[in-house]
Amino acid sequence: MTAPLTPPHQPQPNDPWQAPPSGSHAVPGDHPGSGERRAELRQGAVIAAVLTVAGVGLGLLWLWLAPRVPLVSDDTAVFLKNSEGEEAIGADGTFVLLALAFGLASAAAVFLFRRRGGIPLVVGLALGGLLGSLLAWGIGTWFGPTSDVVAHAKEVGKGVTFDAPLELHAVGAAVLAWPIAAMIVHLGLTALAGPRDPEPEWEIPYGAPRAGAGPESAFGPASGAAEEPRAGDGPTSPGAGPSRP
């Protein structure tokens, strides 16, 4: 005769530590928070598109407010009418100031639209500001005075003052003013006035001793601890008679 064999351990169907069966995999899109992440990506794309279109307004304002550089021709060459004028750098300064104002306004609008912030929103804010600045630069140079200075001088004639083409000399600083200002202002508003996540509440596990309590508070008297007899109690040993005076 042979001894009966012990059957292998069968895991319970509701065992949380049981390994998933082979071939199983997570269903895509069921990860918690994936829907909110997709919504943030869509909002970031919308913000980038809106700010790019807003670059048209920046370009038109720059074309309207930027100072003109006067030129004059003597049929042989084209000269600056006022060689000590600051109109050349005034065009760059006007563009930078307008870009900073657009960055402040766009950051405040995005913060009011979604106070919780998020990386996709900041990326959309920066990308939209960069594209909007490039579009504004193109609009100002395209609709401004012609870049063919020689042909323009011949057209107006000798000794007649005409405007130089609208240009940016510090292109990098001017184009990056909007996105940098927008990111800084938005991050500052989020840090100062954004909502805060609630602090986690730590619960004491069932059966764990509480603060200030000994080992007896949760599990009763400690094992091996003997109770001292109190005054007036009878003898503790079994079979003992009454005490004599």
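Which residues does Glu 40 touch, not counting residues up to four places away in sequence? The contacts of Glu 40 are with Arg 114, Gly 117, Pro 120 and Leu 121, not counting residues up to four places away in sequence. These contacts belong to a predicted model.

## Overall make-up

The protein has 245 residues, of which 25% count as buried. Its secondary structure consists of 6 helices and 3 strands. Along the sequence, these elements follow the pattern α-β-β-α-α-α-β-α-α.

The accessible surface comes to about 17700 Å², and 64% of that surface belongs to carbon and sulfur atoms. Among contacts between residues at least 6 apart in sequence, 78% join residues at least 24 apart.

## Helix α1

Helix α1 covers residues 34–65, and Glu 40 lies in it. With 32 residues at 1.5 Å a residue, α1 should span 46 Å, and its end C-alpha atoms are indeed 46 Å apart. The expected span and the distance therefore agree.

Several residues of α1 are buried: Ser 34, Glu 40, Gly 44, Ile 47, Ala 48, Leu 51, Gly 55, Leu 58, Gly 59, Trp 62 and Leu 63. Glu 40 has a relative accessible area of 15%, and buried means under 20%, so Glu 40 counts as buried. Val 50 also lies in helix α1. At 51% relative accessibility, Val 50 counts as exposed because the cut-off for exposed is over 50%. The C-alpha atom of Val 50 is separated by 9.5 Å from that of Gly 129, although the two residues are 79 residues apart along the chain.

## A nonpolar surface patch

Val 56, Leu 60 and Leu 135 make a nonpolar surface patch of about 220 Å². Leu 135 is placed in helix α3, which runs over residues 119–143.

Is Leu 135 buried, partly exposed or exposed? Its relative accessible area is 33%. That value falls between the cut-offs of 20% and 50%, so Leu 135 is partly exposed.

## Helix α5

Helix α5 is made of residues 171–193. At 1.5 Å a residue, its 23 residues should span 33 Å; the end C-alpha atoms are 34 Å apart, which agrees.

Where does α5 bend? The bend, of about 40°, is at Ala 177, and a proline, Pro 179, follows within four residues. Both Ala 177 and Pro 179 are among the buried residues of α5. The others in that list are Ala 174, Val 175, Trp 178, Ala 181, Ala 182 and His 186.

Notes:
Residues numbered from 1 in each chain as written. Predicted model: local features only at pLDDT ≥ 70, side-chain atom pairs only at ≥ 80, totals over all residues. Heavy atoms only, no water. Patch = residues over 30% accessible without salt bridge, like charges linked within 9 Å, V, L, I, M, F, W, Y side chains within 5 Å. Areas by Shrake-Rupley, 256 points an atom, 1.4 Å probe, with all protein chains shown as cover. Salt bridge = Lys/Arg side-chain N within 4 Å of Asp/Glu carboxyl O. Helix = DSSP H or I, 4+ residues; strand = E, 2+ residues; numbered from the N terminus. Buried < 20%, exposed > 50% of the residue type's maximum accessible area, 1.4 Å probe, protein only. Expected span 1.5 Å × (residues − 1). Bend = angle between axes of the 7 residues up to and from the residue. Contact = heavy atoms within 4.5 Å.
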